[in-house]
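Reader: I am new to this one, and I would like to go through it slowly. Could you show it to me before we start?

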Amino acid sequence: MTETFILPVNYLGTEHEFKARFERYGYTHRIAVLIDEHTFVFEPDEGGDYRAMNNPEKPVPPNAVNVSLLKAVAEKLAKLSA
């Protein structure tokens with residue numbers, strides 16, 4: 001089951017909207033988020049937080065996206081799943 005949605009994220013005082021896709025993955029799930037034409041896959045960890053994973057098939061170049069933006073997206077996903 002794959003569902004797409006818009007993920008609103010407040011980053012540095014500005015509201016951003018990213019295209020996102022919910023993907024069922026075995027007994028868990030992943031959320032793919034399109035940020036600046038790069039797809040990042042976020043997975044939940046044991047504590048209920050999310051971590052960004054780089055896609056090995058289409059790796060994102062270093063410094064293409066600010067790490068603090070990825071953290072803001074991960075925090076928003078954790079709030080939505082709580």
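**A first walk through the fold**

Author: The protein has one helix and five strands, and you should keep in mind from the start that this is a predicted model.

Reader: In what order do the elements run from the N terminus on?

Author: Starting at the N terminus, the order is β-β-β-β-β-α, and the helix, helix 1, covers residues 67-81.

Reader: What radius of gyration does the protein have, next to that of a compact globule?

Author: The protein has a radius of gyration of 12 Å, and a compact globule with 82 residues would be near 12 Å, so the two agree. Along its principal axes, the C-alpha trace spans about 35 × 30 × 25 Å.

Reader: And how many of the residues count as buried?

Author: Of the 82 residues, 30% count as buried. The protein exposes about 5800 Å², and carbon and sulfur atoms supply 51% of that area.

Reader: Let's go inside, then. Which residues have the most contacts inside the largest nonpolar core?

Author: They are Val33, Ile35, Phe42 and Val73, in a core that has 21 residues. Strand 1 (2-11), strand 2 (14-25), strand 3 (28-35), strand 4 (38-44) and helix 1 are the elements that give two or more residues to this core.

Reader: Which of them gives the most to this core?

Author: Helix 1 does, with seven residues.

Reader: Could we stay with Val33 for a moment: what is Val33 in contact with, leaving aside its neighbours within four places in sequence?

Author: Val33 is in contact with Leu7, Phe18, Lys19, Ala20, His38, Thr39, Phe40, Phe42 and Val73. Two of these partners, Phe42 and Val73, are also among the residues with the most contacts inside the core.

Reader: What about helix 1 on the outside; is Lys71 buried or exposed?

Author: Lys71, which is found in helix 1, counts as exposed because its relative accessibility is 52% and the cut-off is over 50%. The C-alpha atoms of Lys71 and Ala52 are separated by 8.2 Å, and the two residues are 19 residues apart along the chain.

Reader: Changing topic to the loops, which sign does phi usually have?

Author: Most residues other than glycine have a negative phi. Leu12 is not a glycine, yet Leu12 has a positive phi of about 55°. The place of Leu12 is in the loop between strand 1 and strand 2, and Leu12 counts as exposed, at 73% relative accessibility.

Reader: And where does Asp36 lie?

Author: Asp36 lies in the loop between strand 3 and strand 4. Its phi is near 50°, again a positive value in a residue other than glycine, and at 52% relative accessibility Asp36 counts as exposed.

Reader: I also noticed Glu57; which loop is Glu57 found in, and how far is its C-alpha atom from that of Asp36?

Author: Glu57 is found in the loop between strand 5 (50-54) and helix 1, where Glu57 is exposed with a relative accessible area of 72%. The C-alpha atoms of Glu57 and Asp36 are separated by 17 Å, with the residues 21 residues apart along the chain.

Reader: One last thing about charges: how many positive and negative ones does the protein have?

Author: There are 9 positive and 12 negative charges, and the mean positions of the two sets are 2 Å apart.

Terms used
Residues numbered from 1 in each chain as written. Predicted model: local features only at pLDDT ≥ 70, side-chain atom pairs only at ≥ 80, totals over all residues. Heavy atoms only, no water. Helix = DSSP H or I, 4+ residues; strand = E, 2+ residues; numbered from the N terminus. Buried < 20%, exposed > 50% of the residue type's maximum accessible area, 1.4 Å probe, protein only. Rg over C-alpha atoms; globule rule 2.2 N^0.38 Å. Areas by Shrake-Rupley, 256 points an atom, 1.4 Å probe, with all protein chains shown as cover. Lys, Arg positive; Asp, Glu negative; His and termini not counted. Charge placed at Lys NZ, Arg CZ, Asp CG, Glu CD. Core = buried A, V, L, I, M, F, W, Y, C linked by side-chain atoms within 4.5 Å. Contact = heavy atoms within 4.5 Å.
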